Amino acid sequence: MKCKSAILAAGLSCALLASMGTAQTKDSKMMALIARGKYLVTIGWCGDCHSPKIMTPRGPAVDEKNVLAGTPAAMAVPAIPDEVLGPDKWGALASMDLTAWAGP
Ligand code: HEC
């Protein structure tokens with residue numbers, strides 16, 4: 001009986017250690033994926049267009065409290081002037097914070 005209990009305890013210890021190792025590997029893989037995503041979003045400048053801005057003494061800057069939040073729901077987007085955009089015309093329009101765009 002003692003022998004069976006010792007084997008059971010050893011087996012549980014091995015299983016616990018193995019699961020701890022697996023969890024650590026999964027965590028480090030997840031951390032690597034998150035770091036890779038942060039790198040791609042940084043070099044792609046995604047936040048420049050997909051984050052609202054705040055005005056600072058040095059000009060507009062990404063609102064760090066709302067990174068990648070898109071156009072603020074409360075922001076009024078002005079109407080697009082007639083005859084500005086179309087398949088036979090050039091250009092695009094953007095809101096001042098670059099979170100809202102219109103174009104052909
Ligand atoms: C120069 C401005 C600009 C930059 C920089 C930018 N985007 Fe966008 N993004 C837009 C615009 C404008 C649209 C909407 C396009 C449309 O509707 O035709 C859009 C659309 C998207 C959509 C689709 C959203 C939807 O609801 O369909 C995703 C996802 C997206 N962008 C991700 C990214 C990622 C990731 C990056 C960085 C790698 C990035 N964008 C960089 C302007 C930008």
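Helices here are DSSP runs of at least four residues, marked H or I, and strands are runs of at least two, marked E, both numbered from the N terminus.

**View 1. The whole protein chain, helices ahead of strands.** This is a predicted model, and the protein chain reads α-α-β-β-β-β along its sequence. That comes to 2 helices and 4 strands. Burial is scarce: 3% of the 104 residues in the protein chain count as buried. As for contacts with a separation of 6 or more, 20% of those in the protein chain link residues 24 or more positions apart.

**View 2. The shell around the ligand.** Zoom in on the ligand and you'll find Val41, Gly44, Trp45, Cys46, Asp48, Cys49, His50 and Trp101 around it. Sorted by character, this shell has 5 nonpolar residues, 2 polar ones and 1 charged one.

**View 3. Helix H2 beside the ligand.** Which helix gives the most to the shell around the ligand? It's helix H2, spanning residues 46-50, which puts in 4 residues. Cys46, Asp48, Cys49 and His50 are among the residues around the ligand.

**View 4. Pro78 in its loop.** Pro78 sits in the loop that runs between strand E2 (59-62) and strand E3 (93-94). Is Pro78 buried or exposed? Exposed, because just 8 C-beta neighbours fall inside 10 Å of Pro78, and a residue with 12 or fewer counts as exposed.

**View 5. Pro78 and Ser95 together.** Follow the sequence and Pro78 and Ser95 are 17 residues apart. In space, the C-alpha to C-alpha distance for Pro78 and Ser95 is 8.3 Å.

Notes. Residues are numbered from 1 along each chain as its sequence is written. This is a predicted model: local features need pLDDT of at least 70, side-chain atom pairs count only at pLDDT 80 or more; totals for chains, interfaces and linings use all residues. A residue is near a molecule or strand if its C-beta atom, placed from the backbone, lies within 6 Å of it. Ala, Val, Leu, Ile, Met, Phe, Trp, Tyr, Cys and Pro count as nonpolar, Asp, Glu, Lys and Arg as charged, and the others, Gly among them, as polar. A residue is buried if 20 or more other C-beta atoms lie within 10 Å of its own, exposed if 12 or fewer, and partly exposed in between; C-beta atoms are placed from the backbone. Two residues are in contact if their C-beta atoms, placed from the backbone, lie within 7 Å.
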